[in-house]
Amino acid sequence: MFSAPLHFSFTLSSLPPSLPPSLPPGEIAIRVFRACTELGIRTVAVYSEQDRGQMHRQKADEAYLIGKGLLPVAAYLHIPDIIRVAKENNVDAIHPGYGFLSERSDFAQACADAGVRFIGPSPETVRKMGDKVEARSLAISAGVPVVPGTDGPIASLEEARLFAETYGFPIIFKAAYGGGGRGMRVVKEYEAFTSLSCCPLQVGYENAGTVEFLVDKHGKHYFIEVNSRLQVEHTVTEEVTDVDLVHAQLRVCEGRSLSELGLIQEQIRVNGCAIQCRVTTEDPARGFQPDTGRLEVFRSGEGMGIRLDSASAFPGAVISPHYDSLLVKVIASGKDMATAAAKMHRALSEFRVRGVKTNIPFLQNVLSNSQFLQSTVDTQFIDENQDLFIMKPVQNRAQKLLHYLGHVMVNGPTTPIPVKAKPSSIDPVVPTVPMGEPPLGFRDVLLREGPEGFAKAVRAHPGLLLMDTTFRDAHQSLLATRVRTQDLKKIAPYVSHNFSNLFSLENWGGATFDVAMRFLYECPWKRLQELRSLVPNVPFQMLLRGANAVGYTNYPDNTVFRFCEVAKENGMDIFRVFDSLNYLPNMLLGMEAAGRAGGVVEAAISYTGDVSDPMRQKYSLEYYVHLADELMKAGTHILCIKDMAGLLKPESSRLLIGALRDRFPDVPIHVHTHDTAGAGVAAMLACAEAGADVVDVAVDSMAGMTSQPSMGAVVACTKGTSLNTGVALEKVYDYSEYWEVTRGLYAPFDCTATMKSGNADVYENEIPGGQYTNLHFQAHSMGLGNKFKQVKKAYAEANKLLGDLIKVTPSSKIVGDLAQFMVQNNLTGKEVEERAEDLSFPLSVVEFLQGHIGVPHGGFPEPFRTKVLKSLPRMEGRPGATLPPLDFDALEAGLRLSHGNDITTEDVMSAAMYPKVFEEYKEFTKNFGPVDCLSTRLFLDGPKIAEEFEVEIERGKTLNIKALAVGDLNKSGQRGVFFELNGQLRSVLVKDNVAMKEMKFHPKALKSVQGQVGKVTKGQPLCVLSAMKMETVVNSPLAGVVTVIHVNTDSSLEGDDLIMEITAEE
């Protein structure tokens, strides 16, 4: 008993490494320090080497290192070092907290031997209470009801069987010397005994001071054990009794009696209700697996009725794997259970913890559970309420966006940039949009009269109708398909109000689908949904690659049908269906899929050659008319000529469209072209005069060159004639001004960086407009930018080698891949043909010759095909016809397993189209959040230092962000990037990719050493190289044995980088 106040208190809590981790030393230490300070008692803390930054060290008046050179848990259990520090610093008493030392009788004895008071029971009491069997015997002798159990530790399986036969199942095996619940095993049947008897029982951390009971459904209490220490849940008792238990511990240690402290049992009252939640860094979805890492953000919930007991919960704190995962204890109190639970739920919802996972979503589910709120829970509560584990995912949008911005600031754009140009700093101004609903348009006709009625209305319409390609093909041709949804949404309402008489707005399909996910990290379906809500009156049109849907490969038939259904459900109206070879079986499948989905079917004949040139008869006028006959028999609503390279001249336009109009007088004819040669406007006017109902145009600032003809030019040229479009020219000017400024945001992708004008040589090389831009970028990425003229010449030669193809995605890509292969390897067409058996051709070329995309008009080129394929298998007929149906249920189940339950029907479709791209997109958004809400300049180039900007993450929720600084490189190759977010300092760590690359050098291949490419038999495929969308198979140049492999999947290589080394077979 003490007669004088204590001068120092000393607190710790930990476990040895061989035992389960303990509570972090800081939380209970700070709790005790605060009590000491309130009582005028000075405090001393101890800390391990790894805990130099822990908060409990700073909260004490003095702090000293213990366990130098030891692991952190071992340091805190080093009793001699603890006693040494206590003696050297005149410590009067030690508070053991509620760690394992609090129930170690040898530690209590060591304190007594050193003349230092142990704030807790005597060593002998600690020993007795630590022995659960002896404690149980004491309770029985005192007449306390106990749960039925063995009188002593069992020694055999037979003893356990006899006990079970007497008392029945279930029974619990528990460690004789405690374990804090660890080591306990519930056994429900005899068969479980065998496996259980082989499990070692773990010893945890327990002590005396708290009596634990079980209560049955009749309200009867049964003794379990005594913990001879302060309990983690002591805060609940404090809140409902208004008794400071730590104060009481200290005063009792000073020598005060309970009556002197006013702690008389009859006077203690329970007032209201209190709940304690332990917020831990554990993942409930993974069996409460502890998470570690750096706390990037920590914001707690506060307010009336909320108490927080924490230690190292602050931004920048590192959560260690050495201790229990407790982050903070939240205690809510109120007049009753419902009030306390409501306060707790509200407080937890205010928490923002970023950088590590927490159990907060699980706790919120518990607090919302009716059984819990009615206080009718039992020991099976969690097992019987598995819905507690169905948790709403934490969005963490703001911090993820900071990670993205930091990544761009350190490493540059995440999307490949073909030219060194910066996005413009000038934001476009949206023209004034009238209030109210937009005027009725052709979509209203479609919704009212269906596809057939719509087609009749189009054919009966006086004047020329226009389809605007600005939202898709124009930027696909000029800007590498990189225009983001945000910039489309801004101008969409203006289009809806001022261009309601458009035939359609082409805004989806083609390359936009995969580019949205692959390079823009956007959901293509979300783009469609959002544009549909902004433009309700103008029909939407998409490009469907027949049996290839919006991909570059073959899909099972049910996948194409399902895709069209989902597209129609999300607002698509007109499906322009084509095939890259005009292969009729592929086209018919796409047409049937679009028609069955309820869409308008626009069958598109891809145009190549020149019907006005009698010397070019492979694709003659008769060929096109015959193909149109077949499409009409298949039930197309609209007939389209798709001139993807801009090869239609005025004369050929009149011949082709005139012949089709004569043949099909009642069917709408729609013509698409590109303006690469500069004759696009003249050709479209000629088509209109010959009987075309609709032509494709792009707004002026997005027209010309590889894009479509100018909207303004066509509108002006037809004004006052029978072909009048009805479009107001002044509205075109405002529309064009918006896109002129917007185009500056995409300067890194603008084809004008390398191509200053159109070129009439397109009549020779027949390169499609969109591919013209892609070839530019591919050429630059492969170091062939100065050889683009050779690429174009090689393209024409490659086309001849492949049999003079219809050239549109993906067949145009095949020709382009072969052309670049020829230029890169300095090969002529003749040399390619002669050496075809030995060359490693691009994968796309090989697969084309195998029949992967269908059969070209006139058949495959021989003997070139046989030389390339050698013994490789060949496909016959429609490629997708033999594919088994896709199991959408299984696909969705797999996606939900990988990405959670927020997977949508649209996500399933995206994964069906592009499995790898979709996975990468989901992984990106998981790490970087909704980057589609960033402005285009920020998305591409990141913010400047000291720049302030706003980001609207959803309606009514805007982030105010300021970029502050980029830090120096640390030893892990990371840089700290600092921001101010809504007035608060935030930081992220970003790996510096350039620095990381400099730390490791990739060996270069020696061209004179043939064996540095690979192993195995000569000609055997070794790996696939990918540049943009071009893939090349690298074949072994000799037979041999692989000795070294220098690459991994997704390795980024430069020219002459070594792939692998082999030793030739002797």
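Author: Helices here are DSSP runs of H or I with at least four residues, numbered from the N terminus. One more thing up front: this model is predicted.

Reader: OK, cavities. How many of 30 Å³ or more does the structure hold?

Author: The largest cavity takes up about 390 Å³, and the second largest has about 40 Å³. Counting cavities of 30 Å³ or more, the structure holds 2.

Reader: Which helix gives the largest share of the lining of the largest cavity?

Author: That cavity has 33 lining residues. Three helices each put in at least two of them: helix 18 (470-478), helix 30 (769-781) and helix 32 (811-824). The largest share is 6 residues, and they come from helix 30.

Reader: Which residues of the lining lie nearest the centre of the largest cavity?

Author: The lining is a mix by class, with 12 nonpolar, 13 polar and 8 charged residues. Nearest the centre lie Gln476, Gly770, Gln771, Asn774 and Thr809.

Reader: Now the second largest cavity. Which helix supplies the largest share of its lining?

Author: Its lining is made of Asp427, Pro428, Gln486, Asp487, Lys490, Leu745, Ser935, Thr936 and Arg937. Two helices, helix 19 (485-498) and helix 39 (936-941), supply at least two residues each. The largest share, 3 residues, belongs to helix 19.

Reader: And how many charged residues are in the lining of the second largest cavity?

Author: Asp, Glu, Lys and Arg count as charged, so Asp427, Asp487, Lys490 and Arg937 fall in that class. Next to 2 nonpolar and 3 polar residues, the charged ones number 4.

Reader: I'd want to check the backbone too. What is omega for the peptide bond from Thr809 to Pro810?

Author: Thr809 also turned up in the lining of the largest cavity. Pro810 sits in the loop between helix 31 (788-801) and helix 32. The bond joining the two is cis, with omega near 5°.

Reader: Which residues are joined by a cis peptide bond with omega about 10°?

Author: For this one, look at the loop between helix 34 (843-850) and helix 35 (864-869), where Pro863 has its place. The cis bond with omega about 10° joins Glu862 and Pro863.

Reader: Moving to phi: is Ala549 buried or exposed?

Author: Ala549 belongs to the loop between strand 21 (540-544) and helix 22 (557-569). Its phi is near 50°, a positive value in a residue other than glycine. With a relative accessible area of 0%, which is under the 20% cut-off, Ala549 is therefore buried.

Reader: What is the relative accessibility of Asn982?

Author: Asn982 is another residue other than glycine with a positive phi, near 50°. You'll find Asn982 in the loop between strand 29 (974-981) and strand 30 (984-991). Asn982 counts as partly exposed because its value falls between the 20% and 50% limits, at 43%.

Reader: Last stop, Pro80. Is Pro80 buried or exposed?

Author: Pro80 is part of helix 4 (residues 79-88). Its relative accessibility is 56%, over the 50% mark, so Pro80 counts as exposed.

Reader: And what distance separates the C-alpha atoms of Pro80 and Gly67?

Author: Along the chain, Pro80 and Gly67 are 13 residues apart. In space, their C-alpha atoms are separated by 9.5 Å.

Definitions and conventions. Residues numbered from 1 in each chain as written. Predicted model: local features only at pLDDT ≥ 70, side-chain atom pairs only at ≥ 80, totals over all residues. Heavy atoms only, no water. Buried < 20%, exposed > 50% of the residue type's maximum accessible area, 1.4 Å probe, protein only. 1 Å grid on protein atoms, 1.4 Å probe; cavity = no way out; pocket = protein on both sides within 12 Å on 5 of 7 lines; lining within 4 Å. Points joined across faces, edges and corners; volume = space filled by probe spheres on them.
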